[in-house]
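Visitor: Please choose one part of this model and take me through it closely, and then show me how that part is connected to what lies around it. I would like to follow the reasoning as well as the result.

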Amino acid sequence: MPNQRRASKKQRALEILLRLKRLYPEAPCSLDFKNPLQLMIATMLAAQCTDERVNLVTPALFAAYPDVYAFAEADLEDLERLVKSTGFYRNKAKNIRAACQKIITEFNGAVPSRMEDLVTLPGVARKTANVVLAHGFGINGGVTVDTHVKRITNLLGLTQYADPVKIERDLMKLLPQPDWENWSIRLVYHGRAICNARNPKCGMCDLADLCPSSKVVPVVDPVEEAVQA
């Protein structure tokens with residue numbers, strides 16, 4: 001496909017997906033967890049925090065609070081102490097305890113497996129709910145849009161929006177549903193390895209010819225160039 005930056009948005013999205021799969025064949029969730037509750041809490045802690053930091057915090061946290069009932073009855077100051085290094089710890093601790101209390105009173109003590117239920121929990125928006133559904137229940141209910149996904153999706157010209165909900169809607173139209181969640185994980189990997197916000201390595205990027213924001217000059221097919229002239 002000569003000068004692939006001119007291909008339709010759908011074509012480019014599918015080609016980008018294919019290349020991301022080749023670049024990052026394994027795309028597991030980078031948070032450590034043993035069940036949907038632990039995944040939900042780890043994802044809540046990951047807001048404005050690295051997954052690596054969260055994985056350092058959660059072993060002691062989950063040892064202290066082994067189930068939803070323990071979290072629901074947690075001493076707030078102790079919970080804050082355990083999650084403090086993840087940032088915004090007061091709000092995170094409050095939401096974790098409140099979410100677990102609601103899981104007990106409204107969902108019989110089990111993390112719900114429906115988007116419409118998950119987003120009613122304190123501290124759980126679509127981003128967190130998508131992660132829980134995909135990796136906790138094997139349900140691709142949407143596309144997780146975090147900082148990397150938002151930034152790179154815009155750079156790739158696959159959306160014109162800044163609002164994560166609108167970005168998610170655009171991506172859901174462009175990508176096959178089975179790939180919704182792992183698209184996000186692979187973009188995160190790509191953002192860390194190549195498409196760094198401060199210093200993007202466009203010259204090393206396997207997506208450069210598909211990216212309208214690339215600083216690499218595209219190779220123009222001589223025949224196409226002659227037609228345009």
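Guide: A residue is called buried when its relative accessible area is under 20%, exposed when that value is over 50%, and partly exposed in between. The model is a predicted one, and with these cut-offs in hand I shall start from helix H10, residues 164-174.

In H10 the buried residues are Ile-167, Glu-168, Asp-170, Leu-171 and Leu-174. The arc they cover around the helix axis is only 165 degrees, which places them on the same side of H10. An α-helix has 3.6 residues a turn, so residues three or four places apart point the same way. Arg-169 and Lys-173 belong to the other side of H10, where they are exposed. The cover over the buried residues of H10 includes helix H1 (9-23), together with H8, H9 and H11.

Those neighbours lead on to a loop and to a pocket. Between H8 and H9 runs a loop that contains Thr-144, and Thr-144 counts as buried because its relative accessibility is 6%, which falls under the 20% cut-off. Its side chain is joined to that of Glu-181 by a polar contact of 2.7 Å. Leaving aside residues up to four places away in sequence, Thr-144 touches Lys-127, Asn-130, Val-131, Val-149, Glu-181 and Ser-184. Ser-184, one of these partners, sits in helix H11 and is buried, with a relative accessible area of 3%. Apart from residues up to four places away in sequence, Ser-184 in turn touches Val-143, Thr-144 and Val-149.

H8 (126-137), H9 (147-155) and H11 (180-193) are also among the helices that each supply at least two residues to the lining of the largest pocket, along with H2 (36-45), H3 (51-64) and H6 (89-107). H11 gives the most to this lining, with 6 residues. The volume of the largest pocket is about 910 Å³, and of the 36 residues that line it, Ala-46, Cys-49, Asp-51, Lys-127 and Asp-146 are the closest to its centre. By class, the lining of the largest pocket divides into 15 nonpolar, 13 polar and 8 charged residues.

H9 also takes part in the second largest pocket, where its 3 residues are the largest share of the lining. This second largest pocket has a volume of about 210 Å³, and 19 residues line it, with Leu-155, Cys-195, Pro-200, Cys-202 and Cys-211 nearest its centre. Its lining consists of 12 nonpolar, 4 polar and 3 charged residues.

Another helix of the largest pocket's lining, H2, can be set beside H10. Because 9 of its 10 residues are buried, H2 is largely enclosed by the rest of the structure. The buried residues of H2 are Leu-37, Gln-38, Leu-39, Met-40, Ile-41, Ala-42, Thr-43, Met-44 and Leu-45, and they pack against H3, helix H4 (68-72), helix H5 (76-83), H6 and H8. H8 therefore appears twice in this account, since it is named in the cover over the buried residues of H10 and among the helices against which the buried residues of H2 pack. At the N-terminal end of H2, Asn-35 acts as a cap, with a side-chain oxygen 3.2 Å from the backbone nitrogen of Leu-37.

H6, which packs with H2, contains Phe-107. Phe-107 is buried, at a relative accessible area of 18%, and its contacts beyond four places in sequence are with Lys-102, Pro-112, Asp-117, Thr-120 and Leu-121. A distance of 29 Å separates the C-alpha atom of Phe-107 from that of Lys-166, which is 59 residues away along the chain.

The chain as a whole gives the setting for these details. Its secondary structure comes to 12 helices and 0 strands, and the C-alpha trace spans about 70 × 30 × 30 Å along its principal axes. Of the 229 residues in the chain, 45% are buried. Among contacts between residues at least 6 apart in sequence, 61% join residues at least 24 apart.

Note on methods
Residues numbered from 1 in each chain as written. Predicted model: local features only at pLDDT ≥ 70, side-chain atom pairs only at ≥ 80, totals over all residues. Heavy atoms only, no water. 1 Å grid on protein atoms, 1.4 Å probe; cavity = no way out; pocket = protein on both sides within 12 Å on 5 of 7 lines; lining within 4 Å. Points joined across faces, edges and corners; volume = space filled by probe spheres on them. Helix = DSSP H or I, 4+ residues; strand = E, 2+ residues; numbered from the N terminus. Nonpolar A, V, L, I, M, F, W, Y, C, P; charged D, E, K, R; others polar. Buried < 20%, exposed > 50% of the residue type's maximum accessible area, 1.4 Å probe, protein only. Polar contact = N/O pair within 3.5 Å; in protein donor to acceptor, adjacent residues only side chain to side chain. Contact = heavy atoms within 4.5 Å. Arc of directions from axis to C-beta.
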